[in-house]
Amino acid sequence: MIGSFLKKIGVTLSLNDPQWGRGSKNNQDGKKSPETPPDLDQVWKDLNQRLSRFLGQKNGGGDGGGGFNPDSSTTRFGIGAIAFIFVFVWLVSGIFIVQEGQNAVVTTFGKYSHVNGAGMNWRWPYPIQNHEIVNVSQVRTIEVGYRSNVKNKQAHESLMLTDDENIVDIQFAVQYKLKSAAEWLYNNRDQDEMIRQVAETAIREIVGKSKMDFVLYEGREKVAMDVGALMQQILTRYKAGVQIANITMQGVQPPEQVQAAFDDAVKAGQDKERQKNEGQAYANDVIPKARGEASRTLQEAEGYKSRIVANAEGNASRFKQVLSEYQKAPAVTRDRMYLETMQQIFTSTSKVLMDAKQSNNMIYLPIDKMISQEANSVKPAVVQPVTPTTAEQIPSVEMRYNKDGRARDTRDSRDREVR
C-alpha cells in the first residue's frame with residue numbers, strides 16, 4: 001500500500017544501494033552518472049513539493065521556506081486520512097463469501113481457529129488470519145484396484161488371499177463425503193492416499209476371513225457392507241473427518257491366469273448341484289409314496305387283526321351262549337344246531353347224496369340243475385320241454401318210518417342222545 005502510494009507521487013527509493021544518500025558522483029567527463037542515486041536532501045525536497053501539490057497547496061517557490069511544512073495541521077490531517085483509508089481497505093479485505101455446501105476453515109497466524117458456514121463472513125485480514133474453502137457436500141470417489149477404467153488394473157492393490165488360500169482379483173470404488181472440514185485439512189497428510197490405504201487394509205481383512213466362493217458369489221453385498229463399516233471405524237479413529245457413503249464392487253473374479261480352469265471347476269460344481277437336486281426331487285417323489293404304502297399296509301393289517309379278533313370273540317361269545325342254552329335243553333339245542341349246520345351245508349353245495357336203506361343205492365339230487373331250472377322259469381322266454389332220460393330223471397325221495405311212526409333220522413338222533 002505505501003509502496004504504491006510513493007510510486008503514485010513519483011518517489012523511488014533504493015534502500016539496498018550502498019551509495020544511497022551519499023550524494024552524487026561525477027564521472028571523468030564531469031557529468032553525473034545516471035546510475036547514481038539522488039542526494040537524500042534532494043529527495044526530501046522533492047517529496048515535500050509533491051506532497052504539497054497532492055494536498056492542494058501551492059509551492060512558495062525556492063528550495064527553502066514556503067514549501068511543505070511537516071509540522072502543520074494540514075499535513076497531520078492528510079496523513080490521518082491516508083492512514084484511515086489504508087486501515088479501511090485492509091479491514092474490508094477480510095470479507096469473504098462461502099457458498100452453500102461449503103465450509104471455510106479460518107486460521108490465526110497459521111493455527112486452526114474456527115469454521116464458518118455458508119454466507120458472508122469476515123475475518124481479520126492477512127497476515128493475522130487466513131481461510132480455506134472446503135466443499136463438504138461433494139461426493140468424492142477413491143478407486144482401489146484400478147484407475148479410471150476396470151481394464152486399467154492395479155495388480156498390487158486388487159490381488160488378495162482368501163481364507164481357503166485362494167487368490168481373488170477385486171476392484172471396487174469408495175464413495176465418501178466430508179463431515180468435518182477442519183479434521184480433513186489438518187489431521188492427516190495426503191488424504192486421498194490415506195483413504196485408499198484404509199480401503200485396501202479393510203478389504204484385505206474382510207476377504208482374508210471369507211471363503212473364495214462366498215466372496216465371488218453370494219457374499220458380494222455382505223463383503224461391501226463389512227468393508228464400509230470397517231473403514232468407517234478406522235477413519236473415525238484417525239479423526240479424518242470422512243463419512244463413508246457407499247462401497248461399489250466393480251469386479252470380483254479369479255486371476256486371469258487361472259480363469260479357464262476356474263470356469264471348468266464352477267461348471268462341474270453346478271453339474272454336481274444339479275444332479276443332487278434331481279436326486280433330491282426323485283427322493284421327494286418316491287419316499288412319500290413308499291411311506292403311504294407302508295402306512296396303508298399297516299392299517300390293513302390292523303383292520304385284519306381287529307376283524308379276526310372280533311370274529312373270534314364273537315364266536316366265543318356265541319359258543320358260550322349256545323352252551324348255556326344247551327345246558328338248559330340239550331335235545332332241542334342239539335336238533336337246532338343240526339338243522340342250522342345242514343342248512344349251511346346245503347346252501348353252499350350243489351350236490352347231495354342220500355342213502356336209501358332198502359335198495360342200498362345212493363340217491364342223487366342235482367340241486368344245481370334244480371336251481372337253474374327255477375331261474376329259467378322266472379324268465380319270460382318260452383322254455384322247450386325237455387324229456388329227461390332215465391339217467392337224468394330225478395328220483396323221488398322216499399322217507400321210511402318205523403313201527404313207532406318216527407323217521408330214521410329222528411330215531412338216530414334220539415339214539416345218539418341216549419348214548
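In the predicted model, helix α6 contains a set of buried residues, namely Gln191, Met194, Ile195, Arg196, Val198, Ala199, Glu200, Ala202, Ile203, Ile206 and Val207. The 18 residues of α6, taken at 1.5 Å a residue, should span 26 Å, and the C-alpha atoms at the two ends of the helix are indeed 26 Å apart, so the expected and computed values agree.

Within this helix, which covers residues 191–208, lies Thr201. Because its relative accessibility is 47%, and partly exposed residues are those between the limits of 20% and 50%, Thr201 is counted as partly exposed. A polar atom of the Thr201 side chain is found 2.8 Å from the backbone oxygen of Gln197. Thr201 can also be related to a residue further along the chain, since its C-alpha atom is separated by 9.2 Å from that of Val227, with the two positions 26 residues apart in sequence numbering.

A second part of the model concerns a pair of helices. Two packed helices are described by the angle between their axes together with the distance between those axes. For helix α9 (residues 259–328) and helix α10 (residues 330–348), the axes come within 6 Å and cross at roughly 135°, which means that α9 is oblique to α10. The contact between them is made by Val322, Glu325, Tyr326, Gln327 and Lys328 on the side of α9, and by Pro330, Thr333, Arg334 and Met337 on the side of α10. When these residues are sorted by class, the contact of α9 with α10 comprises 4 nonpolar, 2 polar and 3 charged residues.

Definitions and conventions
Residues are numbered from 1 along each chain as its sequence is written. This is a predicted model: local features need pLDDT of at least 70, side-chain atom pairs count only at pLDDT 80 or more; totals for chains, interfaces and linings use all residues. Side-chain values use heavy atoms; hydrogens and water are left out. Helices (H or I, at least four residues) and strands (E, at least two) are DSSP runs, numbered from the N terminus. Buried means under 20% relative accessible area, exposed over 50%, partly exposed in between (1.4 Å probe, protein chains only). A polar contact is a pair of N or O atoms within 3.5 Å; within protein, one must be able to donate a hydrogen and the other to accept it, and residues adjacent in sequence count only if both atoms are side-chain atoms. The expected span of a helix is 1.5 Å times one less than its number of residues. Axes are lines fitted to C-alpha atoms, for helices over the stretch in contact, and angles run from 0 to 180 degrees between N-to-C directions. Angles under 35 degrees count as roughly parallel, over 145 as roughly antiparallel, 65 to 115 as roughly perpendicular and the rest as oblique. Contact means heavy atoms within 4.5 Å. Ala, Val, Leu, Ile, Met, Phe, Trp, Tyr, Cys and Pro count as nonpolar, Asp, Glu, Lys and Arg as charged, and the others, Gly among them, as polar.
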